[in-house]
Amino acid sequence: MASANDSRQSQKDAADQNFDYMFKLLIIGNSSVGKTSFLFRYADDSFTSAFVSTVGIDFKVKTVYRNDKRVKLQIWDTAGQERYRTITTAYYRGAMGFLLMYDITNQDSFNAVQDWATQIKTYSWDNAQVILVGNKCDLEDDRIIPTEEGRRLADELGFQFFEASAKDNINVKQVFERLVDIICEKMNESMDSDPNMLGNHKATTLQESPPECQQGTPPSVRPC
C-alpha cells in the first residue's frame, strides 16, 4: 500500500504546473501482463500481488528530472481486454511514448505484441517512441519467452527492449527514464532538422494534456 506521504506527493505532482515539459505516456499490452503493477511500482513504489483488472483507463502523474530539466509525466494505464479497445485507442493520440508490455511466462501475451505494435502505428503519431518490456522476469522458473526472443522481436519492430519485474522492482525506473530520454533525443533531432516542426506539429501533439497545460504556449515545446 502507498503511504500517506506517497499520496500527498502524487497529489502535489498532479497539481504542479512548474515544469519544463509534459510527456503523455501509455502502458499497453494484454490483460494481466502487469501494467497496473508496473505503474504503481514506478509512481508510488508500491506492489500488491492481488490482480484487479483495469476498467477502461486510468493514469498517474509523476515529475522527474532529466538533463537538468523538470519533466512532468502523465502515465496512462490501459485495459488490455478487447472490449475496452475502442476506449483505449482514443488515448493514443498525443502520446509521446509507449511501454508495450508482455508477460515472459505467457505465450499469448507475447504473440499479441505485433498486433499492439500495429495499433500504435495506426492510432498514434509517427514520432511516438516505444519500448518493449518483458515483465515478470522474477518468475524465471516459469519463463516461456527467452530473453533473446524478446530482443529479436524488439529489433524487428524498431523498439528498444528491457526485461523487468514490478514485484522485485527490476528495471522499472530504468524503463521510464530511458523512454523519457529517447523522447527528448527525438525532439532535439526534429529541432535540428526543422526548427519550425516543434512549434507546429509537435506543439499540437504535446497539448494533449490537462487544461492547465493548454494555457498559452505549452512549456513542453521547448527543446530538452
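Colleague: What makes a residue count as buried here?

Modeller: A residue is called buried when its relative accessible area is under 20%. In this predicted model, 50% of the 224 residues of the chain meet that condition.

Colleague: Which strand is mostly covered?

Modeller: Strand β4, residues 97–103, is mostly covered. Seven of its seven residues are buried, so each has a relative accessible area under 20%.

Colleague: Which residues of β4 point one way, and which the other way?

Modeller: Gly-97, Leu-99, Met-101 and Asp-103 point one way, while Phe-98, Leu-100 and Tyr-102 point the other way. All of these residues are buried.

Colleague: Why do side chains alternate in this manner?

Modeller: Because in a regular strand they lie by turns on the two faces of the sheet.

Colleague: How do you know that β4 and β5 pair?

Modeller: Pairing requires at least two bridges between the strands. Seven bridges join β4 to β5, so the two count as paired. They run parallel, and Met-101 has Val-133 as its bridge partner in β5.

Colleague: What makes β1 a partner of β4?

Modeller: The same requirement of at least two bridges applies. Strand β1, residues 21–29, pairs with β4 over five bridges, in the parallel sense. Gly-29 has Met-101 as its bridge partner in β4.

Colleague: How many bridges join β5 to β6?

Modeller: Four bridges join β5, residues 129–135, to β6, residues 160–163, so the requirement of at least two is met. These strands also run parallel. Val-133 stands opposite Phe-162 in β6.

Colleague: Why is the crossover from β5 to β6 called right-handed?

Modeller: The chain leaves β5, passes through helix α6, residues 147–157, and reaches β6. The crossover is right-handed, which means that, with the strands pointing away from the viewer, the path over the helix runs clockwise.

Colleague: How many helices and strands does the chain have?

Modeller: It has eight helices and six strands. Along the sequence they follow the pattern α-β-α-β-β-α-β-α-α-β-α-β-α-α.

Colleague: What share of the contacts joins residues at least 24 apart?

Modeller: Among contacts between residues at least 6 apart in sequence, the share is 75%. A contact here means heavy atoms within 4.5 Å.

Colleague: Where does pLDDT stay under 50?

Modeller: That happens over residues 197–224. The scale runs from 0 to 100 and gives the predictor's confidence in each residue. The chain averages 77, and 68% of the residues score at least 70. For residues 197–224 the model has 64 contacts beyond four places in sequence.

Conventions:
Residues numbered from 1 in each chain as written. Predicted model: local features only at pLDDT ≥ 70, side-chain atom pairs only at ≥ 80, totals over all residues. Heavy atoms only, no water. Buried < 20%, exposed > 50% of the residue type's maximum accessible area, 1.4 Å probe, protein only.
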